[in-house]
Amino acid sequence: MEDESWRIPMLVQELAAKAQQPPSRYVQPKQSHPVSVAVAAETPEPIPVIDLSRLLSADGADEEGNKLQLALLSWGLFLVANHGIETSLMDDLINAAREFFHRPLEEKQKCSNLIDGKHFQVEGYGNDPVRSKDQTLDWSDRLHLRVEPEDERNFAYWPEHPKPFRALLHEYTLKCKRIKNLILRATAKTLGLQEDYFLAQFSDKAPSFARFNYYTPCPRPDLVFGVKPHSDSGVLTILLMDKDVGGLQVLRDGVWHSVPTSPHRLLINIGDFMEIMSNGIFKSPVHRVVTNAENERISLAMFHGLDPEKEIEPAADLLNEKQPARYRKLKAKEYLAGFYEHFCKGTRFIESVKI
Ligand SMILES: O=C(O)CCC(=O)C(=O)O
Ligand SMILES: [Fe+2]
């Protein structure tokens, strides 16, 4: 029988404990080495910060809405301050995740994303899927959990230890949902759409996933990516970055910009579904994560997707003779199938959806 062991790489955390150098499977082809691609010394202007409490206030909403529009047009992402999530909840959840990643391998494997130790599935603890022998692997492990719909949670993959983990993630999920709803209302408004246009796309089957990314220090940050360049697939991602360790970079006008740490703020970026629904007025930002040799890094991405059966298409009210649809209509599940295939290769499925 053919040897299929290449499909199941070692966890990066285990690998790093043994290897002095990243194995060749992790090393990016020369032209895409993290250091050989220009990184701007400084961002052209700081990442915009949206004050969520002002966005909700009677006197600040318009001004903050304009800032939101500019942020989406220029970066496709922004930071959020005064978002209503207690700093203690953020810290406690990240610390609980850190404790999980620091537990012995046998215990973490109880949440493994491999069925029978062999077959990859999205949910659980482990690596990203490996679809081909020559796929360049990322220097990170992750814990990926479906948090919504609430009645579809698979607690078998949710760590039992540390004890507060599940309750913290539940609480954090609810608070993110509120923020997502507020931002999506404001986003619809900036496009001149009905305020609930985007919210109406979500049914009670719309999934949300929490992805905890764990980046082990890497002896050769110049050769590997923590996460290779990609855009997110869904409508909106709410990212809780490590408050002390940077690494996220975003592509703007062909230049990579480092996103500075910003303790207790949230970074919100739109995903490909929003790019399609806005008919390309807003572009889903390409981003990547670089590693470092000294410090571990943890981030939590909360992805807000759509019902797999939902048809995604540009909003009809944005279309006219001069502005025809620039993306074809397709179901969320078809999009995701194409998305993962491309993600593994480091390419973007959205390019093949353009008309
Ligand atoms: O770790 C980060 O800052 C970003 C992670 C990311 O892009 C993702 O999980 O999709
Ligand atoms: Fe991402």
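**Close-up 1. Who surrounds ligand 1?** In this predicted model, 13 residues surround ligand 1, and the closest are Asn 213, Tyr 215, His 287, Arg 297 and Ser 299. Sort that shell by class and you get six nonpolar, four polar and three charged residues.

**Close-up 2. Polar atoms facing the oxygens of ligand 1.** Start with Asn 213: an N or O atom in its side chain is 3.0 Å from an oxygen atom of ligand 1. Next comes His 287, with a polar side-chain atom 3.1 Å from an oxygen atom of the ligand. Asp 232 joins in too, and here the distance from a polar side-chain atom to a ligand oxygen is 3.3 Å. How much of ligand 1 does the protein bury? Taken alone, the ligand exposes 300 Å², and the protein buries 97% of that.

**Close-up 3. The strands around ligand 1.** Which elements each supply at least two residues of the shell? They are β7 (208–215), β13 (287–290) and β14 (297–304). Look at β14 in particular: four residues of the shell come from β14, the largest share.

**Close-up 4. The largest pocket, home of ligand 1.** Zoom out a little and you'll see that ligand 1 sits in the largest pocket. This pocket has a volume of about 670 Å³. Its lining is made of 36 residues, and those nearest its centre are His 144, Arg 211, Ser 233, Phe 303 and Tyr 340. Several elements give two or more residues to this lining: β6 (141–148), β7, β8 (225–230), β9 (236–240), β13, β14 and α8 (332–345). So β7, β13 and β14 turn up both in the shell around ligand 1 and in the lining of the largest pocket. By class, the lining divides into 17 nonpolar, twelve polar and seven charged residues.

**Close-up 5. The second largest pocket.** Now for another spot to explore: the second largest pocket holds about 320 Å³ of space. It is lined by 20 residues, and the closest to its centre are Gln 28, Lys 228, Cys 344, Lys 345 and Gly 346. Which elements give two or more residues to this lining? The answer is β8 and α8, and both of these also give two or more residues to the lining of the largest pocket. Split by class, the lining of the second largest pocket has eight nonpolar, six polar and six charged residues.

Note on methods. Residues numbered from 1 in each chain as written. Chains lettered and ligands numbered in written order. Predicted model: local features only at pLDDT ≥ 70, side-chain atom pairs only at ≥ 80, totals over all residues. Heavy atoms only, no water. Near = heavy atom within 4 Å. Polar contact = N/O pair within 3.5 Å; in protein donor to acceptor, adjacent residues only side chain to side chain. Areas by Shrake-Rupley, 256 points an atom, 1.4 Å probe, with all protein chains shown as cover. 1 Å grid on protein atoms, 1.4 Å probe; cavity = no way out; pocket = protein on both sides within 12 Å on 5 of 7 lines; lining within 4 Å. Sits in = over half its atoms within 2 Å of the grid points. Nonpolar A, V, L, I, M, F, W, Y, C, P; charged D, E, K, R; others polar. Points joined across faces, edges and corners; volume = space filled by probe spheres on them.
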